[in-house]
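Good morning, colleagues. May I ask you to turn to the structure on the screen while I walk through how its parts are arranged?

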Amino acid sequence: MPRAAKASGAAKASGAARSAPRLLADPPLHELSRDQLSVFLYVALVPEETRAIVKELGLSMPGFRPEGLGDVQRCDLVADEIRAEPSAAAPVQRALRAAFGEPPLAGERFHPGLAAELARLCASESAAALALWRLLSDRERGVRDAVRPTLDWLAREYYGPRQPGEAPAGEGEPAPPPPERDRRAEELERALARARAEGEEARRRGEVQREKVQAQLKEARAREAQAVDDAARARAAAEAARREVERLQAALAAARSEDQAQEAQRARAAARELEGRAGALEARLERARERERELEAALSQARAQAAGPAPAAPEPAEATEAEPEDALATWLFPVYTKEFYDSLEGWDRRVQRAAFKQAHLLSQDHRHPSLRAIPLEGLPGYYRVRVATDVRLIYRRGERGATVEILSLIDREDLDRYIRQAKTRG
């Protein structure tokens, strides 16, 4: 039966409620736990009322539209709001007063034991029967008679109104005038009937919700297991890919190292070949220059003889003399001058090593075929040997012939400047 119809019928059956001192205040709903407050709202309010309260408070749940929320979800939202802000209980108080008026038994004092028993009675599915049984078993006749109007109202609700002329149930005697109905019993019956209906609805919804949650849990567990398998396969594939990358990097490094070694070897061989060719060409060039000088000297001598008996002054012997052929081909003590060490700066290590190599050969045998010592023009006793294509080593023999002074390492283009500076120093 709808709640409005029940409340209306009970109010008519109860008559005027007796006056009693007011012992109640607005309940401090925020002191309840979340579940306690939510289930109280679920039992006390109908879905239309909770929907209106949620709209009035402006509440919402992420991921859900307001009209798509269930009754339990709306009660949870309102409970959370009241616990966070106690003033949010005002719409709930208005809805309860609009539906039920004032709380029942407002003029009676309760002790904790009676309150606990009454709460258990309200939660029972047989709350109405238990309450009526208790009242009819009371020792006071006034209490038992107070139940009669409620029973008459229930008879009319379940069996319909009494036919005209039909005597009341019993021994045919007229029923005594019904005493004024106890408002407490009326309110208790109404609350218990509504609690039983709401409890059945809650049980049905709980079953549906539990089945839905179980299905969602099963699906979530299946997705979790699939995700674990996918993650394991992904880790295995990543590890295999990492090992393959390392193998390819090692192979690439080995190939590059081998290619670099071969390229360096080929470059060194080509450099040696080019150096040999350059030495040979330079030797041929020096011989051509010497031949040119000889021809020029012969031409000058012929011109002088043709011009008259006065012979031309010959070039100083020391300007064209080569290393004496009769010099001892024995070991000479190398003397590395400060000038030589200063001249090493600016040359790369390859040229520096070649300079020391040539100096060593000079100390071993100044007539070694790879030296090709050539005298410097204008500086008697100074000679030059080839170190690289455009690099020359300047040296001179010691005064007693037992030493060889290593003087300077210069560029071939700087020979004339070196000769001028040596003459200035001399």
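Two strands are said to pair if DSSP finds at least two bridges between them. With that in mind, please look at strands β3 and β4, where V385 stands opposite L393 in β4. These two strands pair in the antiparallel sense, over six bridges, and a hairpin of two residues joins β3 to β4. I should say at once that this is a predicted model.

Let me give the overall picture before returning to the sheet. The chain contains 14 helices and five strands. Of its 426 residues, 27% count as buried. Among contacts with a separation of 6 or more, 66% are between residues 24 or more positions apart.

Now to the sheet. In what order do the five strands stand in the open sheet? The order is β1-β5-β4-β3-β2, and the pairing is mixed. β1, residues 333–336, and β2, residues 374–375, stand at the edges with a single partner strand each, so one side of each has no neighbour in the sheet.

Starting from the β1 edge, four bridges join β1 to β5, residues 403–411, and these two strands run parallel. Here F333 stands opposite T403 in β5. On the next step across, β4 and β5 pair in the antiparallel sense over seven bridges, and S408 in β5 is the bridge partner of I394. β4 itself is mostly covered, with five of its seven residues buried.

Two helices deserve attention alongside the strands. Helix α13, residues 349–364, lies across β1, β3, β4 and β5, and runs at about 135° to β3. Helix α14, residues 415–425, also packs on the sheet, where it touches β3, β4 and β5. The direction of α14 makes about 130° with that of β5.

I would next like to consider two individual residues. The first is T337, in the loop between β1 and α12. Is T337 buried or exposed? Its relative accessible area is 15%, and the cut-off for buried is under 20%, so T337 counts as buried. Beyond its neighbours within four places in sequence, T337 is in contact with E405, I406 and L407.

The second residue is I374, which lies in strand β2. I374 is buried as well, with a relative accessible area of 11%. Not counting residues up to four places away in sequence, I374 touches E286, Y382, Y383 and R384. I374 and E290 are 84 residues apart in sequence, and their C-alpha atoms are 9.9 Å apart in space.

Finally, the largest pocket. Its volume is about 1600 Å³. Of the 42 residues that line this pocket, those closest to its centre are F40, A44, P104, C122 and A191. Which helices each supply at least two residues of the lining? They are α2 (34–44), α5 (90–100), α6 (112–123) and α10 (183–307). The largest share comes from α10, with 10 residues. By character, the lining divides into 26 nonpolar, five polar and 11 charged residues.

To close, I would leave you with two images: an open sheet of five strands with mixed pairing, and a largest pocket to whose lining α10 gives the largest share of residues. Thank you for your attention.

Definitions and conventions:
Residues numbered from 1 in each chain as written. Predicted model: local features only at pLDDT ≥ 70, side-chain atom pairs only at ≥ 80, totals over all residues. Heavy atoms only, no water. Contact = heavy atoms within 4.5 Å. Axes fitted to C-alpha atoms, helices over the stretch in contact; angles between N-to-C directions. 1 Å grid on protein atoms, 1.4 Å probe; cavity = no way out; pocket = protein on both sides within 12 Å on 5 of 7 lines; lining within 4 Å. Points joined across faces, edges and corners; volume = space filled by probe spheres on them. Nonpolar A, V, L, I, M, F, W, Y, C, P; charged D, E, K, R; others polar. Buried < 20%, exposed > 50% of the residue type's maximum accessible area, 1.4 Å probe, protein only.
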